Structures are given as structure tokens and as C-alpha cells.
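Please open the model in a viewer and keep the sequence panel visible. The tour below proceeds by selection, with a description of what is found at each stop.

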Amino acid sequence: MTDNIRHYAVVFLLAFLLVLTTGMTTAYAHAGLMSSSPQDGEVLKANPGQISARFTETLEPDLVNVRLFDWDGKEIKVERPTLQPGDASQLNAKLPSDLAEGTYSVIVSVVSEDGHPIEEKLTFSIGQKSAVVIPPSEQKADSSYLIMYRYLAQGIILVGGGLYLVAWAARRHGLPSLAQLIGIGRQIGWSLAIIGLIFLWFLYDESLTAVSLTQALWQMDGNLLSQSPFAIMLLVSFASLLLVAIPNMVSGWYVGIWVLVISAQAFGGHAWGIAPVWLSLVLRLLHVLTVAVWMGALVYLLLTVKAAERGQESFKRFFLQTVAVASVLAVATGVVMLIVQTDVMSIFQSATAWSYLLYGKIASVCLMLLLAFRQTRRWRTKNSLQPSYLRWEIVFGIIAVLAGLWMSQINYPTATTNNQAVIQTDSN
């Protein structure tokens, strides 16, 4: 280990200890339904007058919606829900006064602080339960498309941005620039990222039943748009990619814009719903940046295997130090985010999709580190690289990134969800 790597390790260890000694409050997953009045399945003697629902997080006032259906599946109009004064985690919706006896279905749609749309369903009966209850119609976007387009757009941004940053730095050591390596591939990747962001915007907007963010954007309604961090992330990413396309700017311009594009991806997930928010955002920002550099460096080395083997010794030192620091920070920030985000024991005690994705991500990262260790020894002792090792590192990295993005789409286990039923939700 070189003196520089030792220096980075000491600095990181001090920062890591500082983070662990920082006061942290209990973290929740996406806004999950804690209680309701009427309760799910409750049979009432008379019309309750209103529906109340309390969630684990504060809600955004303009992004809540309540839909009421009778036993025939016919929708009954209700007044727009409002948040409880002094308690933004509870919403209330007045019911019509002329509800007949029978069973009613309720769909409560909200958006939590982190911008994730949540939909909860419950039923209640007045007088007696109906013999036959027709399920209400659905108005929810298919979450699989959200995951697919998010992976397309953000995956390209992370890998492409990291690749650009590494290539920019590698030029100082006599290695090829990104333009020399992939040529028109830059324009293709940029176009795919733009298309992915556009589709992601409309799919996300479709998942919000209370408002239209597209209409809010058209009307320049900043107050409404600001209530969804995910929407802001998409807009910043889109605008930044347009700035990247401006030709003939100084190289520092493109470096700064790519750092901005990559950084923006840290602000559209669980971070906003975890306390303390500042710590959550800092950890997520460091994680996203280091993952981008790590993946970009691997792709760059695969593209320049022969040139790297013939290259200057200074490039080898630069590359190994860069990847070492990026991988250590990526793994460490991921571990600390896990500690801040949820009760670690809850992960092992629950059988949720989030837990299984985490196991897959951990396995992929471990395999990446194992391959990196063998590759580094080979490069140092024989001054040669094994392209197959690099390809498998990239494959496992892609799997880890996909797992991470998928994990940001779904609810994660907490002590609360283990004591109760684990809340299953679909989100951005």
C-alpha cells in the first residue's frame, strides 16, 4: 500500500468514526400507513363522516388523494383531502353524508418526503358487509417500467459520467481521451440518457393520482414541483445533460457539469425520508460519486488495456489509487447508509425483496473486490492485464448498480415493519 493510499485510509477512518458518533434518530421507510379511521375491515353502525389515515412520515399537502368506491366498484366523489393541522403525517377526507349501508373500498395515494408515491388500500362497512364486493379500478403505473427506465437513464449517467471524469484525468498520463476511445458512442449514450429521463418523467407523473407534474411544469408552478425531490432530480439531470452538449467549452466546464449530473442522482431516493437529512444526503452523495468513478474507471481500463500496459508507470499509480479510494469509499458509505437507514437486524429478520436485493448487491461487490485484487497483483508483478477479469468486474458492478436502483424503488425493512406487517409499496 502506498503512502497516498495510507493517507486516504486514515482520513476516511477518522471521517467514518465521526459519522458513527453523530446522533441519529430512528429511520423509517417510505411513508407507510400506521393507522386509519375507520380501520381496515371495520364494520360501523353509522357513517363515520370522514376518513383519516396516519403515515410514518410527513406528507406533501398537494400530492395526496383519496378515492372512495362502493361495493359495485363505482367511484363516489369525495372532497379533496387535507392534512391534519399540526400533524402533517395525517390526512383527512370528508365523506358524503348520504352513504348507504354496505362495504366501501378506499384507495389512499400520498407522496412521502423523499418523493416516492405510495398507495394504500382499505375497506370499511356501514351497517353490514356487502355479500359481493367488486374491487375498485386501478390508476397506477406499472412500477417495472419505472425501474427499467430509471436504470437506463441513471445507469448511463453514472457509468458515462464516471468514464468521462477518469478519461479526463488519464489524459495527463498519456492515455487516450474519451472522444478517441468511443467516438460517436458519446452521442448515443447521451441520447439514451435523455430519452430515459423523459420516459421516466412521464411514468413517474402517471403514478401520481392527485396532480399532474407535467402541467405544473408547463405552468411553472415551482411550489408544487418542489414537493417532489424526485421530480427536481429529473429536471436538474435533464438540464445538466443539455449543458453537457454545448460544444467548444473549456474542459473544466464539462468536468463540472458531469459532477453536477452525477451528484443530482443522490437526491431522488430514500435520503429525504431519513433523519438527520444532512447526514443522509452527504452519505448518498459520496456513495453515488464514488460508485460512478469506480465503474467509470473499470470501463476505461477495459477500453485501454493495451495502451495501459504500455503506458507510463504514473498512470498505473493514478489508476490503482483512484480505484482503491473510490471502492473503499463506495463500500464504506454504503455500510454507513445501511446503519443510518434501517435497523440492521431487521434486514436479517425479514423476508422482503429489499433484503434479498441487498444480499445480491453485497455478493456482487465482494466478487468485484476479489477480481480487483487478482487483477492488481497481475498488473504489478507481470505488467499485464486480464480483460476477462475486467469484463466480469463490470458485469458484477452493473448487477450491484441495478440492485441499488431497485432497492431505492421499494420499501426497506425497519424495526417498525417487523413489529407490524411489512409495508409493501410501489414507488419511483
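**Stop 1: I107 and its strand**

Select I107 and display its contacts (heavy atoms within 4.5 Å): leaving out residues up to four places away in sequence, I107 touches N65, V66, R67, F69, E119, E120, K121, P136 and S137. The model is a predicted one, in which local features need pLDDT of at least 70 and side-chain atom pairs count only at pLDDT 80 or more, while totals for chains, interfaces and linings use all residues. Residues are numbered from 1 along each chain as its sequence is written, and side-chain values use heavy atoms, with hydrogens and water left out.

I107 belongs to strand β8; here helices (H or I, at least four residues) and strands (E, at least two) are DSSP runs, numbered from the N terminus. With a relative accessibility of 1%, I107 counts as buried. The term buried means under 20% relative accessible area, exposed means over 50%, and partly exposed lies in between (1.4 Å probe, protein chains only). Measure from the C-alpha of I107 to that of F69: the separation is 8.5 Å, although the two residues are 38 apart along the chain.

Now extend the selection to the whole of β8, residues 102–111. Ten of its ten residues are buried, so the strand is largely enclosed by the rest of the structure.

**Stop 2: the partners of β8**

Add strand β4 (residues 65–69), which runs antiparallel to β8 and is joined to it by five bridges. Two strands are taken to pair if DSSP finds at least two bridges between them. Within this pairing, F69 stands opposite S105.

Next add strand β9 (residues 117–126), also antiparallel to β8 and joined to it by ten bridges. Here Y104 faces F124 of β9 as its opposite number. While side chains are displayed, recall that in a regular strand they alternate between the two faces of the sheet.

**Stop 3: the salt bridges**

How many salt bridges does the count give? The count comes to three, where a salt bridge is a side-chain nitrogen of Lys or Arg within 4 Å of a carboxyl oxygen of Asp or Glu.

- Select D87 and R54, whose closest N and O atoms are 2.3 Å apart. D87 lies in strand β7 (residues 87–94) and R54 in strand β3 (residues 50–55), so the pair ties together parts that are 33 residues apart in sequence. R54 is partly exposed, at a relative accessible area of 30%.
- Select E75 and R67, with closest N and O atoms 3.1 Å apart. E75 is partly exposed at 42% relative accessibility, whereas R67 is buried at 5%.
- Select E313 and K316, which meet at 3.8 Å, N to O. Both lie in helix α11, three residues apart, about one turn of the helix. E313 is partly exposed at 46% relative accessibility, while K316 is buried at 8%.

**Stop 4: the nonpolar patch**

Remain with helix α11 (residues 313–341), which gives the most to a nonpolar patch, with three residues. Select V331, V335, I339 and L369 and show the surface: together they make a patch of about 270 Å². Accessible areas come from the Shrake-Rupley method with a 1.4 Å probe; for residues, only the protein chains shown count as cover. Patches are made of residues with over 30% relative accessible area and no salt bridge; like charges are joined within 9 Å, and nonpolar side chains (Val, Leu, Ile, Met, Phe, Trp, Tyr) within 5 Å. V331, located in α11, is partly exposed with a relative accessible area of 33%.

**Stop 5: V166**

Move to V166 in helix α2 (residues 143–170). Is this residue buried or exposed? V166 is buried, with a relative accessible area of 4%. Apart from neighbours within four places in sequence, V166 is in contact with V293, G296, A297, Y300 and F318. Its C-alpha lies 8.8 Å from that of T322, 156 residues away along the chain.

**Stop 6: backbone details**

Select S37 and P38, which are joined by a cis peptide bond with omega of about 5 degrees. P38 lies in the loop between β1 (33–37) and β2 (42–44).

Then select N248, a residue other than glycine with a positive phi near 60 degrees. N248 occupies the loop between α7 (229–244) and α8 (251–264) and is exposed at 78% relative accessibility.
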